[in-house]
Amino acid sequence: MPTTFSKLLSSTFFFLSTLLLFSIKLASAKPHGFSNSLSPKHFGLKRQKLSHLHFYFHDVVSGRNPTAIRVASAALTNKSETGFDTVVMVHDPLTATPDRNSKLVGKAQGIYASAAQDVVGLLMVMNLAFVEGKYNGSALSLLGRNTVFSTVREMPIVGGSGLFQFARGYAQAKTHTFNIKTGDAVGKTYLGERNKI
C-alpha cells in the first residue's frame, strides 16, 4: 500500500493535464567567433504550424502493474512534510479518454523528484513519446518545476524530435482525478505546439 507521501507525490504527477504552446525563434545575431547565425531554410524550416493535442495521463502507483515507482529516497524523506529527496521513475500511458483502457496515444517516460523543502515541488524530467497517427515516433521533452498544490502548473517544453523538432514552449498542468486511497491519478493534458512543416 502506498505511503501518504507517495500518494501525494503521485497525485501531483497526474498533473500532466497540459496545455503546451510552442514557438520557434531563430536569432539573427551577428557571429561572435564561436557561433554563426543560420537561416531557417538551412534546417528545412519553411513555415511554422501550430498543433493542438489532448489526451489523458495515467500515473498509477498501486496494484500489480504500477506505472510510477519510487527508485530513490533519503533518510530525511520520511521526516519531510514535502517528501524532499524522493525520486520516482515513470512510464505512464497517455490515452484518448480518462478510461485507462481507451486508445493509447503515447507514453510519458522519465522521472519526477521532490526537490523542495518548503512546498511540494517536483522537478519534472520527461519525454512525451507519441505512438498514434502522424505523431507516431515523435516526442516532446519537458523539464521544469511542478508545484503540486497549485491549481494550474506551468512547466517548460525544452525540445522535441520527429515532427516536434525545434519545439519549445510551456506546459500547463491541471488534475483530472486523484484516488486518495491508492494514490493513482489521471491528468487531462492539452498540448499546443509550433513546429516545422
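Guide: F166 is found in the loop between β8 and β9, and we can begin our tour there, keeping in mind that the whole model is predicted.

Visitor: What makes F166 count as partly exposed?

Guide: Its relative accessibility is 32%, and since partly exposed covers the range between 20% and 50%, F166 belongs in that class.

Visitor: What is the value of phi for F166?

Guide: Phi of F166 is near 70°, which is a positive value in a residue other than glycine. This deserves a remark because most residues other than glycine have a negative phi. D85, in the loop between β3 and β4, also has a positive phi, of about 90°, although it is not a glycine.

Visitor: How do you know whether D85 is buried, partly exposed or exposed?

Guide: The relative accessible area of D85 is 27%, and as a buried residue would need a value under 20% and an exposed one a value over 50%, D85 is called partly exposed.

Visitor: Which class does T95 fall into, buried or exposed?

Guide: T95, which is found in strand β4, has a relative accessibility of 1%; the cut-off for buried is under 20%, and therefore T95 counts as buried.

Visitor: What makes you say that the side chain of T95 has a polar contact, and with which side chain?

Guide: The partner is the side chain of H58, at 2.7 Å, and a pair of N or O atoms has to lie within 3.5 Å to qualify, so the distance meets that limit. A polar atom of the T95 side chain also lies 2.6 Å from the backbone oxygen of T97. Leaving aside neighbours within four places in sequence, the residues in contact with T95 include F55, Y56, H58 and K103.

Visitor: Which residue forms a salt bridge with K103, and how do you know that the name fits?

Guide: The partner is E132, and the closest N and O atoms of the two are 2.9 Å apart; the limit for a salt bridge is 4 Å, so the pair qualifies. A search of the whole structure finds one salt bridge. Side chains of opposite charge can pair when their charged atoms come close.

Visitor: Why can this pair be said to tie parts together?

Guide: E132 lies in the loop between β6 and β7, whereas K103 lies in the loop between β4 and β5, so the pair joins parts that are 29 residues apart in sequence. E132 has a relative accessible area of 30% and K103 a relative accessibility of 48%; since both values lie between 20% and 50%, E132 is partly exposed and K103 is partly exposed as well.

Visitor: How many residues has the largest nonpolar core, and which have the most contacts inside it?

Guide: This core has 27 residues, and L94, M126 and F130 are those with the most contacts inside it. At least two of its residues come from each of β2, β4, β5, β6, β7, β8 and β9, and the largest share, five residues, is supplied by β6. In soluble globular proteins, nonpolar side chains tend to be buried together.

Visitor: Which residues make the nonpolar surface patch?

Guide: L123, V125, L143 and V158 make this patch, which covers about 300 Å². V125, for example, is found in strand β6 and has a relative accessibility of 33%; a patch residue needs over 30%, so V125 passes that cut-off with its 33%.

Visitor: What makes the link between the side chains of T147 and S150 a polar contact?

Guide: The distance is 2.9 Å, and because the limit is 3.5 Å, the pair is counted. T147 is found in strand β7 and, leaving aside neighbours within four places in sequence, is in contact with V120, G121 and R153.

Visitor: How many helices and strands does the protein chain come to?

Guide: There is one helix and there are 10 strands, and along the sequence the helix is followed by the strands in the pattern α-β-β-β-β-β-β-β-β-β-β. The chain has 197 residues, of which 44% count as buried. Of the contacts between residues at least 6 apart in sequence, 60% join residues at least 24 apart.

Key. Residues numbered from 1 in each chain as written. Predicted model: local features only at pLDDT ≥ 70, side-chain atom pairs only at ≥ 80, totals over all residues. Heavy atoms only, no water. Core = buried A, V, L, I, M, F, W, Y, C linked by side-chain atoms within 4.5 Å. Buried < 20%, exposed > 50% of the residue type's maximum accessible area, 1.4 Å probe, protein only. Helix = DSSP H or I, 4+ residues; strand = E, 2+ residues; numbered from the N terminus. Polar contact = N/O pair within 3.5 Å; in protein donor to acceptor, adjacent residues only side chain to side chain. Contact = heavy atoms within 4.5 Å. Patch = residues over 30% accessible without salt bridge, like charges linked within 9 Å, V, L, I, M, F, W, Y side chains within 5 Å. Areas by Shrake-Rupley, 256 points an atom, 1.4 Å probe, with all protein chains shown as cover. Salt bridge = Lys/Arg side-chain N within 4 Å of Asp/Glu carboxyl O.
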